[in-house]
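Colleague: Could you give me a close look at one part of this model, the surroundings of the ligand? Please put that part in the context of the whole chain too.

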Amino acid sequence: MNTPRLEIDCAKIVANAKRLISILKPHCISIVPVTKVFMGHPTVAASLILSGVRMLADSRIENIERMRHAGITIPMMLIRTPMLSQVERVVLNCEISLNTELIVIRALSKAAKNAGFLHGVIVMVELGDLREGIMPDKLFDIIRQTLRLSNITLKGIGANLTCRYGVAPQQDNMDFLAKLAKEAETLFGIRFEIISGGNSANLLWALDLDPHVHNAVNQLRLGEAIYFGVEALYKHPIAGAHTDIVTLVAEVIESNIKPSIPKGQRSINAFGEMPQVIDRGQVKQGLLALGRQDVNPLGIIPPRGITIVASCSDHLVVESAGVALQVGQEIRFKLDYSGLLSAMTSPYVSKYFYH
Ligand SMILES: *Cc1c(COP(=O)(O)O)cnc(C)c1O
């Protein structure tokens with residue numbers, strides 16, 4: 001098998017998606033798996049569909065088109081507000097998109113009309129994390145305008161927290177979203193099919209809900225929770241979920257005993273950094289064929305006994321506490337979200353999906 005490579009256990013993806021479906025069901029929340037971290041890989045999409053979900057989501061039209069070309073016909077939701085330059089591709093390939101700009105919704109309407117399609121719109125509301133979303137006092141206005149557009153169905157409203165500032169989804173901001181939805185429904189005499197409350201950072205809030213009390217938020221868009229088995233705020237494991245779905249395997253290409261202190265006059269390194277060094281005497285240093293062009297080194301976790309000490313474009317420098325590494329030896333790393341995102345996106349990393 002090639003190295004470096006990502007090994008991805010699809011049976012566990014199915015199991016985690018099923019687990020999340022079942023633990024959120026008592027709260028009347030359905031999940032829409034987000035495929036962006038796997039670049040819309042059709043094998044992952046097929047696994048998610050096996051788990052019983054009714055819709056998939058991605059932030060990039062390229063990924064959605066990739067799944068369509070692979071023959072995946074399940075409804076798709078674009079979760080980044082569409083580029084004006086891509087509205088034709090969006091109405092052609094997505095049933096629903098998340099939106100924050102009237103000018104884009106108008107363009108979607110025109111494109112949908114030309115193509116003879118209906119396109120569903122969810123209007124995103126700014127709840128305080130200050131990434132995407134219309135300011136709450138502008139919401140009713142955009143809804144009024146959207147309802148007038150042909151070939152557009154207003155599916156509901158939504159929100160996204162935590163991605164920019166780490167603002168936590170809690171009862172107060174979720175109640176506010178629900179209140180806005182209710183007011184809009186009353187004002188316009190409509191019913192929203194979807195109130196899309198957020199992402200994997202919403203799980204602590206969601207799992208703490210009292211199943212006997214009505215909860216208006218009925219959808220979460222989940223990536224990290226499915227692929228890592230954790231909620232995203234504190235990375236607490238989700239009971240009954242797998243936390244070992246993805247592994248990064250890299251190969252040792254040099255093993256030496258070297259001093260821990262560099263020799264000669266120092267200036268900044270290849271990445272403009274000048275790391276502090278402490279003298280630890282002679283160390284067992286290994287070089288792995290794994291660099292910043294393969295993965296974000298801050299997003300990988302080495303096995304016990306191995307420490308990452310530096311990384312360049314093509315090399316990861318490690319030190320081993322126990323026996324020296326052997327040339328040709330494979331080292332297995334765990335990854336976090338940023339590690340997976342970067343390794344999936346690198347053409348140098350082979351991807352092995354297995355069941
Ligand atoms: C990426 C993304 C998600 C999924 O986030 P996770 O933390 O992986 O669950 C949900 N909604 C939007 C708008 C996103 O961009």
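Modeller: Let's start with the whole chain: of its 355 residues, 50% count as buried (under 20% relative accessible area with a 1.4 Å probe, protein chains only; over 50% is exposed, and in between is partly exposed). Bear in mind that this is a predicted model, so to speak of local features I need pLDDT of at least 70, and side-chain atom pairs count only at pLDDT 80 or more, while totals for chains, interfaces and linings use all residues. Residues are numbered from 1 along each chain as its sequence is written, and side-chain values use heavy atoms, with hydrogens and water left out.

Now the ligand. It is surrounded by 13 residues, and the closest are K36, S200, R221, G223 and E224 (near means a heavy atom within 4 Å). By type, that shell splits into five charged, four polar and four nonpolar residues (Asp, Glu, Lys and Arg are charged; Ala, Val, Leu, Ile, Met, Phe, Trp, Tyr, Cys and Pro are nonpolar; the others, Gly among them, are polar).

For polar contacts, the cut-off is a pair of N or O atoms within 3.5 Å; within protein, one must be able to donate a hydrogen and the other to accept it, and residues adjacent in sequence count only if both atoms are side-chain atoms. The side chain of S200 puts an N or O atom 2.5 Å from a ligand oxygen. R131 does likewise at 3.3 Å from an oxygen atom of the ligand. With R221, the partner is a nitrogen of the ligand, and a polar side-chain atom lies 2.9 Å from it. Of the 390 Å² that the ligand exposes when taken alone, the protein buries 93% (areas by the Shrake-Rupley method with a 1.4 Å probe; for residues, only the protein chains shown count as cover).

Stepping back, the chain has ten helices and 16 strands (DSSP runs, H or I of at least four residues for helices and E of at least two for strands, numbered from the N terminus). Its C-alpha trace spans about 75 × 45 × 45 Å along the principal axes, and about 17100 Å² is exposed, with carbon and sulfur atoms supplying 55% of that. Of the contacts between residues at least 6 apart in sequence, 65% join residues at least 24 apart (contact means heavy atoms within 4.5 Å).

One helix to look at is α3, residues 61–69, whose buried residues are I61, N63, I64, E65, M67 and R68. They pack against α2 (42–50), β3 (56–58), β4 (76–78) and α4 (87–93). After α3 comes G71, with a positive phi near 90 degrees.

H41 sits in the loop between β2 (30–33) and α2. H41 counts as buried because its relative accessibility is 16%, and beyond its neighbours within four places in sequence, H41 contacts R66 and F353. In helix α2 you'll find I49, which touches L56, I72 and I74, leaving out residues up to four places away. At 31% relative accessible area, I49 is therefore partly exposed.

Finally, the cysteines: a search of the whole structure turns up zero disulfides (the cut-off is a pair of cysteine sulfur atoms within 2.5 Å). For C94, the closest cysteine sulfur is in C163, 19 Å away, so that is too far for a bond. C94 is buried at 2% relative accessibility, and C10 is buried at 0%.
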